[in-house]
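Biologist: Thanks for sitting down with me over this one. Could you put it on the screen so we can go through it together?

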Amino acid sequence: TQSTRPQRLLSAVQKNATRGNPRSVVRAIDEFCRHKEWAMNVGDEKGCILDSIVSEVNPVTVLELGTYCGYSTVRIASLLPPNAKLITLEFNPDFAAIARQVIAWAGLQDKVQLVEGSSGDWIPKIQEQFGINTFDLVFLDHWKDRYLPDTKLMEKCGLLRKGSVLVADNVICPGTPDYLEYVRSSPCYKSQYFISHLEYTKAEDGLEKSVFLG
Ligand SMILES: O=C(NCCNC(=O)c1cc(-c2ccc(F)cc2)cc(O)c1O)c1cc(O)ncn1
Ligand SMILES: [Mg+2]
């Protein structure tokens with residue numbers, strides 16, 4: 001039977017990256033996506049911007065919406081302090097199965113909790129299930145029409161506190177117009193756009209960083 005792109009991406013990691021070395025896993029995926037097959041990871045250019053925001057926030061609790069193959073999960077988790085926890089939600093079981101193996105190859109499974117299911121179902125359950133009160137950082141990279149409803153849901157569930165930082169991928173391409181309008185016009189957010197490119201291409205894209213003001 002034919003392999004899938006996520007399976008071929010995992011094989012490239014197992015072939016070219018060193019177990020326990022997150023940077024080599026990130027490099028192996030970027031090489032694969034640049035030279036073999038494009039895939040929808042945040043990528044190296046936007047990844048550097050994400051790294052700088054994560055390092056600045058130095059979060060103890062992180063929520064990632066949309067794991068895909070675990071590329072941004074590995075990037076973020078590799079920058080976290082020892083006691084920090086990253087929860088990543090993935091709806092697609094095939095993506096989740098690959099991501100678990102990529103995260104394990106990087107040696108980051110102790111910092112990461114991958115949860116399979118829909119963000120809309122899981123967001124209201126996180127506090128009781130994982131003993132987390134609020135998130136210091138949220139990375140939005142899942143279905144683009146879920147960014148706004150899930151942000152409103154996180155507000156409603158009290159998962160954001162004064163100073164929580166939201167980082168949203170793909171606000172230009174594929175685009176998240178309703179989310180952008182909301183975080184840029186709401187008095188509850190201070191928003192900033194970091195211009196970049198769609199992963200591994202010359203098309204414009206960027207990250208939107210929004211600080212929740214409470
Ligand atoms: O597709 C699921 N998630 C990925 C969300 N992410 C994206 O869709 C995404 C897309 C693009 C992109 C950009 C240009 C283009 F021409 C094609 C795709 C880039 C990105 O950086 C993304 O992040 C999915 C499936 C499923 O069955 N269940 C739950 N989620
Ligand atoms: Mg993305």
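Biologist: Which helix holds Asp-150?

Modeller: Happy to start there, with the reminder that this is a predicted model. The helix spans residues 147–156, and Asp-150 lies in it. That helix is α8.

Biologist: Is Asp-150 buried or exposed?

Modeller: Buried means under 20% relative accessible area. Asp-150 has a relative accessible area of 0%, so this residue counts as buried.

Biologist: Which side chains make polar contacts with the side chain of Asp-150?

Modeller: One such contact, of 2.6 Å, is to the side chain of Arg-146. Beyond four places in sequence, Asp-150 is in contact with Leu-65, Ser-119, Gly-120, Ile-123 and His-142. From that list, one side chain has a polar contact of 2.6 Å with Asp-150, namely Ser-119. The partners are therefore Arg-146 and Ser-119.

Biologist: Let's move to the metal. Which residues are the protein donors of the magnesium ion (ligand 2)?

Modeller: The donors lie 2.0 to 2.2 Å from the ion. Along the chain they follow the spacing D-x27-D-N. They are Asp-141 (OD), Asp-169 (OD) and Asn-170 (OD1).

Biologist: How many residues apart are Asp-141 and Asn-170?

Modeller: Asp-141 sits in the loop between β4 and α8, while Asn-170 belongs to the loop between β5 and α9 (171–175). Asp-141 is buried at 13% relative accessibility, and Asn-170 is buried too, at 4%. The pair links distant parts of the chain, and the separation is 29 residues.

Biologist: And ligand 1: how much of its area does the protein bury?

Modeller: There are 15 residues around ligand 1, and Phe-91, Asp-141, Lys-144, Asn-170 and Glu-199 come nearest. Polar side-chain atoms lie 2.7 Å from a ligand oxygen for Asn-170, and 3.4 Å for Asn-92; for Asp-169, an N or O atom of the side chain is 3.2 Å from an oxygen of the ligand. Taken alone, ligand 1 exposes 630 Å², of which the protein buries 72%.

Biologist: Last one, on the interior. Which residues have the most contacts inside the largest nonpolar core?

Modeller: That core has 43 residues, with at least two supplied by each of several elements, including α1 (5–16), α2 (22–35) and β5 (160–168). Apart from it lies another core, of 28 residues, among them Leu-89 and Phe-135. Leu-9 touches Ile-29, Phe-32 and Val-102, among others beyond four places in sequence. In the largest core, the residues with the most contacts are Leu-9, Val-25 and Ile-29.

Terms used: Residues are numbered from 1 along each chain as its sequence is written. Chains are lettered from A and ligands numbered from 1 in the order in which they are written. This is a predicted model: local features need pLDDT of at least 70, side-chain atom pairs count only at pLDDT 80 or more; totals for chains, interfaces and linings use all residues. Side-chain values use heavy atoms; hydrogens and water are left out. A nonpolar core is a set of buried Ala, Val, Leu, Ile, Met, Phe, Trp, Tyr and Cys residues joined through side-chain atoms within 4.5 Å. Buried means under 20% relative accessible area, exposed over 50%, partly exposed in between (1.4 Å probe, protein chains only). Helices (H or I, at least four residues) and strands (E, at least two) are DSSP runs, numbered from the N terminus. Contact means heavy atoms within 4.5 Å. A polar contact is a pair of N or O atoms within 3.5 Å; within protein, one must be able to donate a hydrogen and the other to accept it, and residues adjacent in sequence count only if both atoms are side-chain atoms. A residue is near a molecule or strand if one of its heavy atoms lies within 4 Å of it. Accessible areas come from the Shrake-Rupley method with a 1.4 Å probe; for residues, only the protein chains shown count as cover. Donors are N, O and S atoms within 2.8 Å of the metal (3.2 Å for Na, K and Ca); water is not among the atoms, so sites may look incomplete.
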